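Here's a quick look at the cysteines in this structure. Which ones pair up, and which stay on their own?

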Amino acid sequence: MSILAATPPMGWNSWNTFGREINEQVVRETAAAMVQEGLRDAGYLYVVIDDLWEDDERVDGRLTWDPVKFPAGIPALAEYVHSLGLKFGIYSCAGSHTCAGKPASYGYEEIDAQTFAEWGVDFLKYDFCYTPPGVDGPMLYQRMGQALRMTGREILYSICEWGTNEPWTWGARVGGHMWRTTGDINDSWESILHIGFERQVGLEAYAGPGHWNDPDMLVVGMYGKGNVARGGCTDAEYRSHFSLWCLLAAPLMIGCDVRAMNAATREILLNAEAIAVNQDPLGRQGYRVGQTPWGRQIAEVWAKPLSDGSIAVGMFNLGDMPNRLITVAWESLGLHDRRPCRVRDLWAHEELGVYTGSFSTRVAPHDVALIKLTPVSG
Ligand code: GLA
């Protein structure tokens, strides 16, 4: 039996770029662009509408869509998305209202889950605003987890609780397939450093096939435009961000406007070798091997064991030192010093040769060397 989210979920979510500007046309054009640009075929399957799709009031006890933004309605939109071979996701919240103040699912879990199932929803992002004081957080997620299961439809359950109650310790138990581990990401290097490099350390024991830590959606390709824009990042910073998310076995939910990607964004989001690291069937979340500070200049090495016995390694220059030399030592990865390994560069897409004991390379500021070490018999 195949399990849902056997590898980290991949797709697109409206929030980072569109925020409240979301509507039917944007979603249709996005879905079409995902096919044309090759994103669907690269594995990005879920098209998820975040908050602010809802109308202000329930009708006959049911949630309904904003008729101005979605004149043809959500079921028709889901059908269109499905017709392109993509999956359709939507958003609600465990409290009385969504974070943006629309009606949400507290006390309506069963009817809302049923409604979503009837509309053809394949993915539910479930937020944590306006929860009643004194009501247990994990219990609220359990209620929706149960309601989703009772629909009989396969719906991926994305818990968005910001790490408040350590959801990595109970997310899978309540039926979650992924759970946010932090507050919201924004389109800046500082945010990537904080959410990615600082806050994911130590969570690797909690992820695996069917249940993933979620350090929030990608900001790759936003360049300071859109709802969570905070100055934007360079291509090197987006490359580091994407490399880390791949090593973390994090869900890869694109946040930029895929209708208007530049060449650098395409190259990053469509890097099949990096995606293969993320989607490796072993499902191990990468971990921080170590950190070398040099004053305030920090270099880090992260590693993700892969199913074929090879190891993906990220060598990150988090500081501003030009061309910083970074070394990964075999012993830090559990490899014997004398074991020869083939080294492949997953951004340059080339073999770098066979090394023994360690591998060193120079990395530009805020950039990364993403390599794969494949042990060979010596
Ligand atoms: C919270 C979530 C975000 C987004 C907004 C929508 O802040 O963490 O990811 O869904 O709500 O209002």
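## Ground rules

Buried here means under 20% relative accessible area, exposed means over 50%, and partly exposed is in between, using a 1.4 Å probe and protein chains only. By that yardstick Cys 129 is buried, at 16% relative accessibility.

Keep in mind that this is a predicted model, where local features need pLDDT of at least 70, side-chain atom pairs count only at pLDDT 80 or more, and totals for chains, interfaces and linings use all residues. Residues are numbered from 1 along each chain as its sequence is written, and side-chain values use heavy atoms, with hydrogens and water left out.

## The bonded pair

A disulfide is a pair of cysteine sulfur atoms within 2.5 Å, and that rule gives a count of one. The partners are Cys 99 and Cys 129, with sulfurs 2.1 Å apart. The pair ties together distant parts of the chain, 30 residues apart: Cys 99 sits in the loop between β3 (87–93) and α5 (109–119), and Cys 129 in the loop between β4 (123–127) and α6 (137–151). Those labels are DSSP runs numbered from the N terminus: helices are H or I with at least four residues, strands are E with at least two.

The link is right-handed, with 95° about the S-S bond. While Cys 129 is buried, Cys 99 is partly exposed at 32% relative accessibility.

## The unpaired ones

Why is there no bond for Cys 160? Its closest cysteine sulfur, in Cys 99, is 6.7 Å away, which is too far. Cys 160 is also buried, at 2% relative accessible area.

Cys 256 tells a similar tale: the closest cysteine sulfur, in Cys 233, is 12 Å off, too far for a bond. Cys 256 is buried as well, at 1% relative accessibility.
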